[in-house]
Structures are given as structure tokens and as C-alpha cells.
Amino acid sequence: CHPGVDRRAGILPADAPEEVSRISPLTASTRYLEHLRRAWEQAHPEAPFAQQDITVTIPASFDPAARELTAEACKAAGFARLTLLEEPQAALYSWIQASGGQWRKQVKHGDIILVVDVGGGTTDLSLIAVLERDGNLELQRIAVGEHILLGGDNMDLALAYGVARKLAAEGKQLDAWQTRALAHGCRAAKEQLLADASLQAVPVVVPSRGSKLIGGSIRTEVTRDEVLAMLVEGFFPKVAVSDKPKTRARGALTQLGLPYAQDAAVTRHLAAFLSRQVHALAEIEGLDGDQIDGSTFLHPTAILFNGGVLKAPQIEQRILEVINGWLDDEACEPARLLDGANLDLAVARGAAYYGHIATSGRG
């Protein structure tokens, strides 16, 4: 996904010492895909992999080069019958499948669905229109946001640096290795605190680098207040729809030379995306485009969430609150939430369902 590097050059692992052999991003992708192919062949010898119809999902914001390289890696890994599908569309197909045929009662002609996908490493935003053709409801993609390198990994790192500052104030300094271990501990603590409202704090142990591995460990805790302040207020603040992402010198969110988003506020990226698309409906056949009259942003009528970060109800509620606040300011009905999708598995299940429809015609 990084257009600023030669993706065929041996540059990974990016922070490895000189004696470690390096491979290209293309080779790395190929090896992941080869591993999946071998796993299938071992588990399903009665169904040869080469005879399967394979759907591989990619971020909607992948540029043409990233898409072509993904397809090239798939072919090199032995994926013969291949379809590429964008992840937000796959998530939408998963929601359709999970609705058990009732999805047409939840959306109607003219609906604009905003798909907000916040995963481990990226945030993807997409707009999909619900249209009626020959009496049937159809889905058409309207717009895709930029490839925003901002996700759960950044949140875990930010939380870890916050805890590290707390430890430093107590006279306990961490090295880079310990900070990475702390980030893993903070991720687990975050997930527990956001999932269980009765928990107020979760202990975190940072291993020692010395000979006294147990006795030298540093013990601290991550509190519910710290998680909510750092993640909800820090990454999903309440902003106006006119607010735009801030740009500044590259700082703590930059790792491994990747062009991480300079502004950590997902809600500001969302405001900028919807503002840019304010006139997008005018070019869609079958939509009257009434939304654009006097509007400062494109008004979604429904929202579909995807990605592990959005398993936290506090983050989901904050995004809904912010978007519906913008809609209320322009005298619009609040957007309704399309629920029922499994945030961890929606893309995989949606891709399988899409492949089933494409090959069998049943769906």
C-alpha cells in the first residue's frame, strides 16, 4: 500500500539488522498466500485448490499498482481462478447474508450507506448507494476515501506511550523492546476494559531485560479512564464537519517509514471525506440528488461498521453521535445503524458469500 517505495525491492523487515536476509513486499504477500494454499490442500485433499474459485479481498483505497501487485502475488502463489473484491463491499455482502433475506426491508431506494472500517492498521471509508433497477434493489459504490494508515495498532502504541510516561514519572524507564512489550499488554488490557463495563483497571506486566526476568519485571495497570481518554477522546473526538485533518511534522505515529496519518482523529478524516463527496450523487443515475442542495457534506442515511476496533461500543457510539450531530445541524434525519455483522469475520464471510453468488447464481 506504500507508493513511495519499490515494492519489488528487498526492504523487509524494515528494522532488521544487516545479517538478516530481506525480501520484497511482493514476495512477502506471495508467501502468506502460499501458506494459505498449503493449509487448504492439507485440510481438503478431496477438493484441489487449483479447482476452487478464490475471492481475495483488498482495501477499497488500494491504488491500481497495489491491486495489480496483489493479483500478481496471488497468481505466483497458485491462485488460478481469482476475483479481487473490496473489503467494504465484502462487509456489506456479509450483512446481507446475515440478514437472512430481510436486508431489503432495512434499506430502500435512495439510501446512502457509509461503511466505516477501522482495522488494526488502516481506516477505510466508502459510500455505497442503494438503487432500484427493474424492480430489484442494487448496490453501487459512489466513493472511496484515501488510504489512511491509522488503526488499532496506532491506538495501542499511543496507549503504551501514555503508560510509559506514567512509569517514567515513577522513575522507571523502558527501552524500545520493553515499550513494544508494553504495547502488547496495553492491547489486551484495552480489549478487556472496553468489553467489560465492571472493570476499572487491568494489571500489565512489562518483562525485564536482565537476568532476573521475574523479579525484575515492572508492574503497572491500565485504567478505564486512561483508555477512554486516550482512545475515544484522542482518536474519535467530537469535531465539526467543517474541521479538516491537521498536518504537522512526522512524529510518534510514524514507524517503519510508512506514511501514517499525521492527524490521529478518525472523525476529522471522516468529516473531510464526506465534505469532499458533497456533490457525488449528482452523477449517479437513478438518484435525484436532493441531498446536495445547501449541504456542506454528503448525508449518509445508514452506517455499517467493520473492523476489530469498532467492537468497542464506546467507539461505535461516539462515531454515531458525531455523524448524527452533523446531520442534525443540517436538519436531516439521523443515520440508522445496520447491525448484525461479525466485525472480525465480516470481510471473509462476505467474500465467501459473494463468490457463492457469482458462481452459483443463488443468493
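**Figure 1. The buried residues of helix H8 in the predicted model.** In this predicted model, the buried residues of H8 are Val-266, Thr-267, Arg-268, His-269, Leu-270, Ala-271, Ala-272, Phe-273, Leu-274 and Ser-275. The helix spans residues 266-276, and ten of its eleven residues are buried, so "mostly covered" is a fair way to put it. What do these buried residues pack against? They have three strands beside them, namely E3 (112-118), E4 (123-133) and E5 (136-144), along with two helices, H7 (224-235) and H9 (313-329).

**Figure 2. Just past H8: Gln-277.** Follow the chain into the loop between H8 and E8, and you find Gln-277 there. Is Gln-277 buried or exposed? Its relative accessible area is 15%, and the cut-off for buried is under 20%, so Gln-277 counts as buried. Setting aside residues up to four places away in sequence, Gln-277 touches Leu-127, Ala-143 and Leu-298.

**Figure 3. Strand E3, enclosed.** Now zoom in on E3, one of the strands that the buried residues of H8 pack against. Seven of the seven residues of E3 are buried, so the strand is largely enclosed by the rest of the structure. Ile-112, Leu-114, Val-116 and Val-118 point one way, while Ile-113, Val-115 and Asp-117 point the other way. Whichever way they point, all of these residues are buried.

**Figure 4. The two partners of E3.** E3 and E4 run antiparallel and are joined by seven bridges. A hairpin of four residues makes the link from E3 to E4. With E8 (residues 302-306), E3 runs parallel, and five bridges join the two. Asp-117 is a handy residue to look for in this view: in E4 it stands opposite Asp-124, and in E8 its bridge partner is Asn-306.

**Figure 5. The whole sheet, from edge to edge.** Step back a little and you can see five strands forming an open sheet, in the order E5-E4-E3-E8-E9, with mixed pairing. Which strands stand at the edges? They are E5 and E9 (336-337); each has a single partner strand, so one side of each is left without a neighbour in the sheet. E9 pairs with E8 in the parallel sense, over two bridges. To find that pairing, look for Ala-302, which stands opposite Arg-336 in E9.

**Figure 6. Val-116 and the largest nonpolar core.** The largest nonpolar core has 65 residues. Val-116 is among those with the most contacts inside it, a group that also takes in Leu-114, Leu-127, Leu-182, Val-222, Ile-319 and Trp-326. Not counting residues up to four places away in sequence, Val-116 touches Asp-124 and Leu-125, then Ile-303, Leu-304, Phe-305 and Asn-306, and also Leu-310 and Ile-319. There is a second, separate core of 17 residues too, which includes Val-107, Leu-338, Ala-346 and Tyr-353. As a general rule, nonpolar side chains in soluble globular proteins tend to be buried together.

**Figure 7. Arg-22 and a cis proline.** This view moves to the segment before helix H1 (25-43), where Arg-22 is found. With 35% relative accessibility, Arg-22 counts as partly exposed. Its side chain reaches the backbone oxygen of Pro-13 at 3.1 Å. Pro-13 also sits in the segment before H1, and the peptide bond joining Leu-12 to Pro-13 is cis, with omega at about -5°. Leaving aside neighbours within four places in sequence, Arg-22 is in contact with Gly-10, Ile-11, Leu-12, Pro-13, Ala-14, Ala-16 and Pro-17. And how many residues along the chain separate Arg-22 from Ile-319? They are 297 residues apart, and their C-alpha atoms are separated by 40 Å.

**Figure 8. Ala-331, with a positive phi.** In the loop between H9 and E9 lies Ala-331. Its phi is positive, about 55°, although Ala-331 is not a glycine. At 73% relative accessibility, Ala-331 counts as exposed.

**Figure 9. Pulling back to the full chain.** To place the close-ups, here is the chain with its ten helices and nine strands. Its radius of gyration is 22 Å, close to the 21 Å that the globule rule gives for 363 residues, so the chain is as compact as a globular protein of that length. Buried residues make up 45% of the 363 residues.

Conventions: Residues numbered from 1 in each chain as written. Predicted model: local features only at pLDDT ≥ 70, side-chain atom pairs only at ≥ 80, totals over all residues. Heavy atoms only, no water. Buried < 20%, exposed > 50% of the residue type's maximum accessible area, 1.4 Å probe, protein only. Contact = heavy atoms within 4.5 Å. Pairing = 2+ DSSP bridges. Core = buried A, V, L, I, M, F, W, Y, C linked by side-chain atoms within 4.5 Å. Rg over C-alpha atoms; globule rule 2.2 N^0.38 Å. Polar contact = N/O pair within 3.5 Å; in protein donor to acceptor, adjacent residues only side chain to side chain.
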